[in-house]
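Me: Please take a close look at one part of this model for me. I would like one strand and its surroundings, described in a connected way.

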Amino acid sequence: MKKYTAYICSHTHWDREWYAPFQQFRIRLVRLVDKLLELLDSDPGYKHFNFDGQTIVLEDYLEIRPEKSDLLKKYICEGRIVVGPWYVLPDEFCVSGESLIRNLLRGYRIASEFGGCSKTGYLPDMFGHISQMPQILRGFDMDNAIIWRGLSGNKYKSELWWKSPDGSRVLAYHLPQYCGYSNAAFFAASLPPNLRGKYSEWDYMLTQKPEEAVKALADIVKISTDNAQTPVLLLLNGVDHMEPQPELPMILERANKMIKNTEFIHARLDDFINALRKYAKGSLQTVKGELKDTIWTLEGGNIVLPNVLSSRVYLKMANERCQTILERWAEPTSVWSLMLGCDYKSGFLNKAWQYLMQNHPHDSIGGCCIDAVHR
């Protein structure tokens, strides 16, 4: 009998713009998706790839590769590529509550048009969380959240209940503090600094040292059980702008033979949440409201970046003006216009929201990109 089940979720954390402008990152995105589609075509053993909870990547890619639309739909329908529920991964504090709802609404619609939307409340890199997020997720029929920043300290377990002021509650999975959404990216590189020296050439382990990769994977499992209250573990095989790793199925096959106490499954985030939900008990630790811990530890980077609230204030002011015009003027007057027998300008309003939300990724509206991006 296996004691633990480790769900390996391959992904890329896609910052649309950050330390390079959007168009430079788009070149990398097109290359990544091209390789992913080729990999899915050639290797049925590479089962799933999770696209960071976003759908804007589909728009950005298909503007360059429109001929790939049907192939993307095929793999999304089959569950091999997972998109949504967000349009972009926003900063929760720098944008309005209405924009968060529109963000999820647009993400859900786009993902559904392509064949399926993830039902995982994926919040991997937001700089803290607003108190109403469980309530918003529940409004979109999601009973769960995957979080990292905003909770710090050994007192928190991996599995928690997170409750909004109105009483709405979701099952939250707290990612490892030392590495967040990349605890199985390069395997040995994903380990805490004090353990990395056990393995040689860890940057290229998947291609050069598969046996050592399995050993590193065993250590990651051991570390992951420290705060776990269930036999279900999440190992996120990805990091910022990382391409899929073709060697992963071979590594997992070896790991299932060599590591006796753990079963490894190449999975979707939804698969992990479905398994975790079976073990959710009322006795789990509960956290309430806003999550904004800012503790910094030597072992890793689980830090909320509080300075994003005041960085490049002119961006926040422009965003506030746009939100106010849309929410308080354009939308209400369009409804009144419809009631008086005139047209409701849904096409213009939807395009306006799209343009606005393209400025809402956590690094973009947070003002922590390079100057070229914000110009």
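Reply: What follows is a walk around one strand, E8, and its neighbours.

The model is predicted. Strand E8 spans residues 232-237. How many of its residues are buried? The count is 6 of 6, so the strand is mostly covered, with buried meaning under 20% relative accessible area. Both faces are covered. Val232, Leu234 and Leu236 are buried on one side. Leu233, Leu235 and Asn237 are buried on the other.

Next, the sheet. E8 belongs to an open sheet of 3 strands, in the order E8-E1-E9, with parallel pairing. E8 and strand E9 (262-266) stand at the edges, each with a single partner strand, so one side of each has no neighbour in the sheet. Neighbouring strands here are turned by 25 degrees against each other on average, direction ignored.

The partner of E8 is strand E1, residues 4-10. The two run parallel and are joined by 6 bridges. Isoleucine 8 stands opposite leucine 235 of E8. Serine 10 has asparagine 237 of E8 as its bridge partner.

Which helices lie across E8? Helix H9 (residues 248-258) lies across E1, E8 and E9, and runs at about 160 degrees to E9. Helix H10 (residues 269-277) lies across E1 and E8. Its angle to E8 is about 165 degrees.

So the picture is this: E8 is an edge strand with a single partner strand, yet both of its faces are covered.

How values were computed:
Residues are numbered from 1 along each chain as its sequence is written. This is a predicted model: local features need pLDDT of at least 70, side-chain atom pairs count only at pLDDT 80 or more; totals for chains, interfaces and linings use all residues. Side-chain values use heavy atoms; hydrogens and water are left out. Buried means under 20% relative accessible area, exposed over 50%, partly exposed in between (1.4 Å probe, protein chains only). Helices (H or I, at least four residues) and strands (E, at least two) are DSSP runs, numbered from the N terminus. Two strands pair if DSSP finds at least two bridges between them. Axes are lines fitted to C-alpha atoms, for helices over the stretch in contact, and angles run from 0 to 180 degrees between N-to-C directions. Contact means heavy atoms within 4.5 Å.
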